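Colleague: I am new to this structure. Could you walk me through it?

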Number of protein chains: 2
Amino acid sequence: MIICEGEPATSIFNVTQGVVKLVRSSSDGRTQIVGFRVPGEFFATPAFERHTVTAVAVTDVQLCRFSRSRLAGLLREYPDLLARLFEMSSAQLLASEDQVFLLGRRTAREKVVTFLLDFSSRTLLGRPEPQRLVHLPMARVDIADFLGLTIETVSRVLSSLVREGLITVGISRSVRFVDLPALMSIAGGPEPVIR
Amino acid sequence: MIICEGEPATSIFNVTQGVVKLVRSSSDGRTQIVGFRVPGEFFATPAFERHTVTAVAVTDVQLCRFSRSRLAGLLREYPDLLARLFEMSSAQLLASEDQVFLLGRRTAREKVVTFLLDFSSRTLLGRPEPQRLVHLPMARVDIADFLGLTIETVSRVLSSLVREGLITVGISRSVRFVDLPALMSIAGGPEPVIR
DNA sequence: CGCTGGTTTGAACTAATTCAAACGACGTGG
DNA sequence: CCACGTCGTTTGAATTAGTTCAAACCAGCG
């Protein structure tokens, strides 16, 4: 666990290696992952006094920490940095709204396929077209917690995708996209805005 | 309709009267409301070239529009304004993550009660304690679209809350909270962070 | 070799949806 | 002023997507 929901926010983090999950949880034990962070991405916005999420390492991670005071100094020194922070926060808002649509209006199958494609395109740094192969570093329980499903449902959907020949699952949580067009048509999603 | 998803973003808006809904929709007709905006709140972030949501007036509205060019000028003139924008965007991100938890991990009943209490506390400008009476300007279909439910489910939940004596519904979409403690315990939600 | 933690599969169940119909408020026109 | 149509809302019955509970499976590891 890197940071914990509710504790005083003293730093922001940049992931350089590995994957981090951001979790919201309620007192009765239900948890919802509000996002994953892969290398190159930030978490723990400095806009609030306390952390709004719990951050947990999904794999071994390497992080770059900026203390709040250091950040304040940098902001004075480089005024453009604030614009960059604003941009990042806006991009995260956009991603969060995508997730809202996903959770509110899409079926289990659509959720899983969308997750596979999204995560795939996010982890191949720079390369534009969707990869045919993606490695999922997180357990089923994390995928389920991200998609608002149970692990059994995630597992069943993956099995059915394999049965229908759309994907194959290899060892160590790797997934190969066999019928990419079909997968993309299942993912569909909100009207694609040029982003 | 005030702005439309995907069209070039030329302005940002501040609501001064009435209520606006922000909608994401997919090509197959499913829609998800990602937020409501009440007087005092902004929408249509200037961070992207194109609008990421469709904004529709729920009631008669009065808006204050800032063109992008005007905003750019203001940003040059008042550097602190950017910090304010960043804050607003962060607050919206927080709200969006709340909604993610709501959609992903809570039951229909919890969703509806949470919505009632949240909307109530948001519309009473300034007054801190939750009001006993709230006016819902939007139709059932909008509540359903916000909570990822159907109108029938929303209606059924409200009926059951009335039957159990937790609320009463008056004319013209007004709702009175009869047993506020019980409602708040149903709403519960993620661990309350001091915000 | 046997244990452990994650994953898959099966069967029963349930929360929420779907389909259908009745209901009620409201505005319009006779 | 009242009948009528419209649109939003409520209620009911049947259906289903996803969950729950349970057991089997499997890979990695001491």
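**Two chains and two DNA strands**

Modeller: Chain B and chain A bury about 4,400 Å² between them, and 63% of that lies on carbon and sulfur atoms. Keep in mind that this is a predicted model.

Colleague: How many residues does each chain bring to the contact?

Modeller: Take the contact one chain at a time. Chain B gives 50 residues. Chain A gives 51 residues.

Colleague: Which residues of chain B lose the most area to chain A?

Modeller: Three residues stand out on that side. Together they make up 18% of what the chain B side buries. They are R24(B), F86(B) and R105(B).

Colleague: How many salt bridges cross the interface of chain B and chain A?

Modeller: Here is one pair that qualifies. The side chains of R24(A) and D98(B) meet with N and O 2.5 Å apart, and the cut-off for a salt bridge is 4 Å. Across the interface of chain B and chain A, the rule finds 8 salt bridges.

Colleague: Which element gives the most to the side of chain B that touches chain A?

Modeller: Several elements take part. β2 (20–25), β3 (31–37), α2 (80–105) and α4 (140–147) of chain B each supply at least two residues of that side. With 19 residues, the top contributor is α2(B).

Colleague: What classes of residue make up the side of chain B that touches chain A?

Modeller: Go class by class. Nonpolar residues number 20. The others are 18 polar and 12 charged residues.

Colleague: How many residue pairs are in polar contact between chain B and chain A?

Modeller: This count takes pairs with both residues at pLDDT 80 or more. Between chain B and chain A it comes to 16 residue pairs.

Colleague: Now to the DNA. Which residues are the closest to DNA strand C?

Modeller: In total, 15 residues surround DNA strand C. Both chains are represented among the closest. These are R140(A), S159(A), A108(B), T153(B) and R156(B).

Colleague: What share of the DNA strand C atoms within 4 Å of the protein is sugar and phosphate?

Modeller: Start with two phosphate contacts. A phosphate oxygen of DNA strand C is 2.8 Å from a side-chain N or O atom of S155(A). A phosphate oxygen also lies 2.8 Å from a polar backbone atom of A108(B). Of the strand C atoms within 4 Å of the protein, sugar and phosphate account for 60%.

Colleague: Which element supplies the largest share of the surface near DNA strand C?

Modeller: That surface holds 3 nonpolar, 6 polar and 6 charged residues. α5 (151–163) of chain A and α5 (151–163) of chain B each supply at least two of its residues. The largest share, 4 residues, comes from α5(A).

Colleague: How far is the polar side-chain atom of R156(B) from a base nitrogen of DNA strand D?

Modeller: R156(B) has a base contact on each DNA strand. On DNA strand C, a polar side-chain atom of R156(B) lies 2.7 Å from a base oxygen. On DNA strand D, the distance to a base nitrogen is 3.0 Å.

Colleague: Which element gives the largest share of the surface near DNA strand D?

Modeller: Here 16 residues surround the strand, with A108(A), T153(A), R156(A), R140(B) and S159(B) the closest. α5 of chain A and both α4 and α5 of chain B each supply at least two residues of that surface. The largest share, 4 residues, is from α5(B).

Colleague: Which residue has a side-chain N or O atom 3.3 Å from a phosphate oxygen of DNA strand D?

Modeller: Sugar and phosphate make up 62% of the strand D atoms within 4 Å of the protein. One phosphate oxygen is 2.8 Å from a polar backbone atom of A108(A). The side-chain contact at 3.3 Å belongs to R173(B).

Colleague: How many residues apart are D142(A) and K21(A)?

Modeller: D142(A) and K21(A) form a salt bridge, with the closest N and O atoms 2.7 Å apart. D142(A) sits in helix α4 (residues 140–147) of chain A, and K21(A) in strand β2 (residues 20–25) of chain A. The two are distant in the chain: 121 residues apart.

Colleague: Last one. Which strands are the edges of the open sheet in chain A?

Modeller: The sheet has 3 strands in the order β4-β1-β6, with antiparallel pairing. An edge strand pairs on one side only. The edges are β4 (42–43) and β6 (62–67) of chain A.

Key. Residues numbered from 1 in each chain as written. Chains lettered and ligands numbered in written order. Predicted model: local features only at pLDDT ≥ 70, side-chain atom pairs only at ≥ 80, totals over all residues. Heavy atoms only, no water. Near = heavy atom within 4 Å. Polar contact = N/O pair within 3.5 Å; in protein donor to acceptor, adjacent residues only side chain to side chain. Nonpolar A, V, L, I, M, F, W, Y, C, P; charged D, E, K, R; others polar. Contact = heavy atoms within 4.5 Å. Buried area = accessible area lost by both parts, 1.4 Å probe. Pairing = 2+ DSSP bridges.
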